[in-house]
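Visitor: I would like to go through the salt bridges and a pocket of this protein. Please show me the model.

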Amino acid sequence: MRDDDPKVVRDMFYFFYNGQYPVDNIPLNPIDTMVDVRINQKHIDMYNIAVKYGVETLQQYAAQAFRSHIPECTTLDFLHAIGPVYVTDQRGPLHETVIQEAGHRHRELMVPGSRTQQMFLLCLSQAPLFQMDLFMQFFGAGAAAMCRNCRGWIDQPLFCNNCEPHELVKVDDSIGSPEQSDDDDFGHVENSSQTMVPMG
């Protein structure tokens, strides 16, 4: 744990004893506008350290806290969260939340000449995996994917909203329905930008 932020480690142990971790949601001064940015970063940090040490309960708690808080943020504060989430290419629920929220805010993100558009384009240029996930989510091949866990068909070929882990498999054209198929009949799409391919 020498390489970890001492505050994050401290809050992880706090979680072990209390089932939650403290979140500083108090402005540092009357004109502090970065409260939501700090809260998002806290949830991201806690999720990442939970993944690193395999603390599943903390992963779930931090992911849910992040998911609950993101809709309350301004669009600019939301955009500040994209880079930290996409520091890792190991896709998970934080990535799902970011992609879904980008979809909800797409009109505001693309207002010509706006500050939000400029920052959104910067996020796209600095996080290629974010670009790819957006493309796959909104321009993918429709219901051409199935969740390996629940065997349910989904409309967008990136995440299953019903299951953990968020894992998809490519559907073989010869397969008529999930019940008729074995897992071996599907080409597994790993959570990697090098192996994820368009499905169709």
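Visitor: Which residue's side chain meets that of D4 in a salt bridge?

Guide: This is a predicted model. The link joins distant parts of the chain, with D4 in the segment before α1 and its partner 48 residues away in helix α2. The closest N to O distance is 2.7 Å, and the partner is K52.

Visitor: Is D4 buried or exposed?

Guide: The cut-off for buried is under 20% relative accessible area. D4 has 13% relative accessibility, so D4 counts as buried.

Visitor: Which residues are joined into one network by salt bridges that share partners?

Guide: R10 forms a salt bridge with D11, with the closest N and O atoms 3.5 Å apart. The side chain of D11 also meets that of K42, at 2.9 Å from N to O. D11 lies in helix α1 and K42 in helix α2, so this pair ties together parts 31 residues apart in sequence. Through the shared partners, the network consists of R10, D11 and K42.

Visitor: Is D11 buried or exposed?

Guide: Relative accessible area under 20% is the limit for buried. The value for D11 is 3%, so D11 counts as buried.

Visitor: Which helix supplies the largest share of the lining of the second largest pocket?

Guide: The lining residues include R10, D11 and K42. Both α1 (6-18) and α2 (35-53) supply at least two residues of this lining. The largest share is five residues, and these come from α2.

Visitor: How many charged residues does that lining have?

Guide: The pocket holds about 250 Å³ of space. Its lining has three nonpolar residues and one polar residue, while the number of charged residues is eight.

Methods. Residues are numbered from 1 along each chain as its sequence is written. This is a predicted model: local features need pLDDT of at least 70, side-chain atom pairs count only at pLDDT 80 or more; totals for chains, interfaces and linings use all residues. Side-chain values use heavy atoms; hydrogens and water are left out. On a 1 Å grid over the protein atoms alone, a cavity is a set of points where a 1.4 Å probe fits but cannot get out, and a pocket is an open set with protein on both sides within 12 Å along at least five of seven lines; lining residues have an atom within 4 Å of a point. Grid points are joined across faces, edges and corners, and a volume is the space filled by probe spheres set on the points. Helices (H or I, at least four residues) and strands (E, at least two) are DSSP runs, numbered from the N terminus. Ala, Val, Leu, Ile, Met, Phe, Trp, Tyr, Cys and Pro count as nonpolar, Asp, Glu, Lys and Arg as charged, and the others, Gly among them, as polar. A salt bridge is a side-chain nitrogen of Lys or Arg within 4 Å of a carboxyl oxygen of Asp or Glu. Buried means under 20% relative accessible area, exposed over 50%, partly exposed in between (1.4 Å probe, protein chains only).
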